[in-house]
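Student: Please choose one part of this model and examine it closely. I should like to see first how the chain as a whole is built, and then how the chosen part fits into its surroundings.

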Amino acid sequence: MGLGFIPLGVGDAFSALRYSSCVAVEADGRWLLVDCPHPIRKVLREGSAPSGAALDAGSFDAVVLTHLHADHASGLEGLGYYAHFVLGRRPVLLAHPKVLDGLWAGLLEGGMSEVADPATWKSHRTVLADYFDARPLDDAGAVRIGPFEIECRRTRHVVPTTALRIRAGGRVLGISSDTAFDPRLVAWLAEADLFLHETGEGIHTPYASLAALPAAVRAKARLIHYPDELDLAASAIEPLVQGRRYEVP
Ligand SMILES: [Zn+2]
């Protein structure tokens with residue numbers, strides 16, 4: 001029982017040191033993948049090997065997508081094709097309706113809208129539903145998948161983006177996804193037992209804003225999606241280590 005997670009990547013969009021941020025969440029032997037950067041099978045393999053979890057594309061009850069930026073969503077084409085042609089299955093994909101609105105036409109259609117028979121080169125059109133079982137998250141309440149109940153809340157970002165609270169095993173894990181500093185979002189996340197928060201300059205949340213939070217809030221926070229330049233040893237909030245397994249206390 002309980003709720004655990006493995007940060008498979010902890011870097012920001014420009015990191016040369018780490019994979020883009022994505023998280024495998026586990027309860028009762030079931031797994032949820034939060035965000036899906038390319039190359040997702042390599043990210044899964046390398047991120048889960050240190051803990052012995054041996055995750056691969058078929059390991060998950062669902063993929064939860066926070067938004068369409070490439071460092072969070074660029075692995076979906078590979079995952080969709082791999083699941084379709086190799087695993088013969090259609091992964092469940094959960095996201096806010098505003099994220100789902102742009103998913104096919106704005107991200108996947110260019111690379112996935114036609115498949116061809118290699119013997120004849122006859123091709124036919126395909127649609128999102130050929131590859132994914134897409135289901136909406138709901139601003140108004142939790143959506144259940146397997147042992148997980150997932151709540152979402154819009155963040156301050158340049159494209160529609162949601163933070164998450166994931167409840168399972170009697171615990172709640174919060175994940176900020178990408179956001180400018182938003183004290184109300186931090187308060188929502190801090191209702192969880194533990195929450196992962198991004199940091200960065202520009203449109204992101206400055207480290208100094210998080211470091212200035214009350215000690216009780218900082219104690220529940222862990223850093224993810226951090227820039228290569230961040231001084232990890234000096235951080236007032238514990239930075240997550242890629243590939244390490246954590247339990248939600
Ligand atoms: Zn983003």
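Tutor: Two residues are in contact if their C-beta atoms, placed from the backbone, lie within 7 Å. Among contacts between residues at least 6 apart in sequence, 59% join residues at least 24 apart. The model is predicted: local features need pLDDT of at least 70, side-chain atom pairs count only at pLDDT 80 or more, and totals for chains, interfaces and linings use all residues. Residues are numbered from 1 along each chain as its sequence is written.

The chain holds eight helices and 16 strands (DSSP runs numbered from the N terminus: H or I of at least four residues for helices, E of at least two for strands). Its radius of gyration is 18 Å, close to the 18 Å given by the globule rule for 249 residues, so the chain is as compact as a globular protein of that length (the radius is taken over C-alpha atoms, and the rule is 2.2 Å times the number of residues to the power 0.38). Along the principal axes, the C-alpha atoms fill a box of roughly 65 × 40 × 40 Å. Buried residues account for 43% of the 249, where buried means that 20 or more other C-beta atoms, placed from the backbone, lie within 10 Å of the residue's own.

The part chosen is strand 11, residues 162–168. Seven of its seven residues are buried, so this strand is largely enclosed by the rest of the structure. The burial extends to both faces: Thr-162, Leu-164, Ile-166 and Ala-168 form one side, while Ala-163, Arg-165 and Arg-167 form the other.

Strand 11 also pairs with strand 10 and strand 12 (pairing requires at least two DSSP bridges between the strands). With strand 10, residues 148–154, the pairing is antiparallel and runs over six bridges; here Leu-164 is the bridge partner of Cys-152. With strand 12, residues 171–175, the pairing is again antiparallel, over five bridges, and Ile-166 stands opposite Leu-173. Leu-164 and Ile-166, which take part in these bridges, belong to one face of strand 11. Strand 11 and strand 12 form a hairpin with two residues between the strands, in which Gly-169 takes a positive phi near 60°.

A sheet elsewhere in the description shows how strand edges may be left open. An open sheet of seven strands has the order 8-5-4-3-2-1-16, with mixed pairing. Strand 8 and strand 16 stand at its edges with a single partner strand each, so one side of each lacks a neighbour in the sheet.

Definitions and conventions:
Buried ≥ 20, exposed ≤ 12 C-beta atoms within 10 Å, placed from the backbone.
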